[in-house]
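Good morning, everyone, and thank you for making the time. I would like to walk through one structure with you, going from single residues to contacts and then to the surface. Please have the sequence and the model open while I talk.

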Amino acid sequence: MQKRNFIKFTSPIGTAVYPRLNTPDTKFDKDGVYSVDLDLTDGKPTNEFVAAIRKAADEAYKAECEKRGGKKLKRAELPIKENEDGGLRIKFKLKAKAGNEERSWAQKPMLFDAQGNPLQNPPNVGSGSTIRVSFELIPYFTAMVGAGVSLRMKAVQILDLKEYTPGDSFDSYGFKATDGFVVSSQSDSTATSDTEDESDF
């Protein structure tokens with residue numbers, strides 16, 4: 001099968017919203033989907049970037065119509081929404097599993113720091129982080145939504161990290177580190193806790 005060449009883009013610098021860059025979300029797809037929304041402020045870089053996406057999407061739509069006999073097709077909305085503050089929110093996704101029944105492979109977005117160093121053990125990137133996204137524009141057509149494009153995330157550059165902290169973390173309970181008891185090892189603590197739990201029932 002001939003490999004398709006997709007148009008590649010790099011976004012302007014923006015703010016990450018609801019990023020799932022470390023582990024894929026499996027709520028609606030059992031194989032998982034990596035994703036991030038990118039908030040961009042209004043201005044020349046954003047306007048030029050969105051104009052380039054719209055132009056590529058128009059060309060993809062025209063090609064799809066021609067491929068299907070030249071008839072006008074229903075058109076899907078772009079993954080771009082206007083924010084309350086006048087800026088734009090762009091949605092990027094990457095399926096954690098690609099291919100087909102005969103051949104499939106796992107994939108995830110590459111993560112880099114501000115200097116371009118790849119992150120081998122990346123931190124848990126949270127909302128509010130300042131990032132840029134490298135992606136491919138992927139044309140698609142379905143009878144239900146029509147002809148459209150998705151923005152397939154390939155890599156993310158993290159310029160300013162706001163690390164995500166789960167709700168049940170140490171800090172979330174209002175505790176602060178102080179002198180006193182320190183557990184010797186996590187495994188010993190876990191084993192003791194399990195024994196005590198079993199004796200309660």
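Let me begin with Tyr18, which is found in strand E2, the strand that covers residues 14-25. I start there because Tyr18 has a relative accessible area of 61% and is therefore exposed, and its backbone is worth a look as well, since phi of Tyr18 is near 50°, a positive value in a residue other than glycine. Please keep in mind, here and throughout, that what you see is a predicted model.

Stepping back to the overall layout, the protein chain has 2 helices and 10 strands, and when it is read along the sequence the pattern is β-β-β-α-β-β-β-β-β-β-β-α. As for burial, 32% of the 201 residues of the protein chain count as buried.

I turn now to the aromatic residues, where the structure holds 3 aromatic pairs. For the pair of Phe9 and Phe135, the ring centres are 5.4 Å apart and the planes stand at 15°, so this pair is stacked. The two partners come from distant parts of the chain, with Phe9 in strand E1 (residues 7-10) and Phe135 in strand E9 (residues 130-142), 126 residues apart. Are these two rings, Phe9 and Phe135, buried or exposed? Phe9 has a relative accessibility of 14% and so counts as buried, and Phe135, at 0% relative accessibility, counts as buried too. Looking beyond this one pair, ring pairs link Phe9, Phe49, Phe92 and Phe135 into a cluster.

Strand E9 also holds Tyr140, and with a relative accessible area of 28% Tyr140 is partly exposed. If you would like a distance to check on your screens, the C-alpha atoms of Tyr140 and Ala76 are separated by 9.4 Å, while the two residues are 64 residues apart along the chain.

The next topic is the charged contacts, and here the count comes to 11 salt bridges, of which I will go through a few.

One of them is formed by Glu136 and Lys8, whose closest N and O atoms are 3.7 Å apart. This pair, too, links distant parts of the chain, because Glu136 lies in strand E9 and Lys8 in strand E1, 128 residues apart. What I find useful to note is how the two partners are classed: Glu136 is buried, with a relative accessible area of 9%, whereas Lys8, at 62% relative accessibility, counts as exposed.

Another salt bridge is the one in which the side chains of Asp37 and Lys91 meet, at 3.1 Å from N to O. Since Asp37 lies in strand E3 (residues 33-40) and Lys91 in strand E5 (residues 88-95), the pair ties together parts that are 54 residues apart in sequence. With a relative accessible area of 10%, Asp37 is buried, while Lys91, with a relative accessible area of 37%, is partly exposed.

For a contact within a helix, please look at Lys44 and Glu48, which form a salt bridge whose closest N and O atoms are 4.0 Å apart. How many residues apart are Lys44 and Glu48 in helix H1? They are 4 residues apart in helix H1, which spans residues 44-67, and so they are separated by about one helical turn. Lys44 counts as exposed, at 59% relative accessibility, and Glu48 counts as partly exposed, at 47%. Salt bridges can also share partners, and in this way Lys8, Glu136 and Arg152 are joined into one network.

I will finish at the surface. Which residues form the negative surface patch? The patch is formed by Asp42, Glu82, Glu84 and Asp85. Of these, let me pick out Glu82, which lies in strand E4 (residues 80-82) and which counts as exposed because its relative accessibility is 64%.

To draw the threads together, strand E9 came up for Phe135, stacked on Phe9, for Glu136, bridged to Lys8, and for the partly exposed Tyr140. Thank you, and I am glad to take comments.

Definitions and conventions: Residues are numbered from 1 along each chain as its sequence is written. This is a predicted model: local features need pLDDT of at least 70, side-chain atom pairs count only at pLDDT 80 or more; totals for chains, interfaces and linings use all residues. Side-chain values use heavy atoms; hydrogens and water are left out. Patches are made of residues with over 30% relative accessible area and no salt bridge: like charges are joined within 9 Å, nonpolar side chains (Val, Leu, Ile, Met, Phe, Trp, Tyr) within 5 Å. Accessible areas come from the Shrake-Rupley method with a 1.4 Å probe; for residues, only the protein chains shown count as cover. Lys and Arg count as positive and Asp and Glu as negative; His and the chain ends are not counted. The place of a charge is taken as NZ of Lys, CZ of Arg, CG of Asp or CD of Glu. Buried means under 20% relative accessible area, exposed over 50%, partly exposed in between (1.4 Å probe, protein chains only). Rings of Phe, Tyr and Trp (its six-membered ring) pair if their centres lie within 6.5 Å; planes under 30 degrees apart count as stacked, over 60 as edge-to-face and the rest as tilted.
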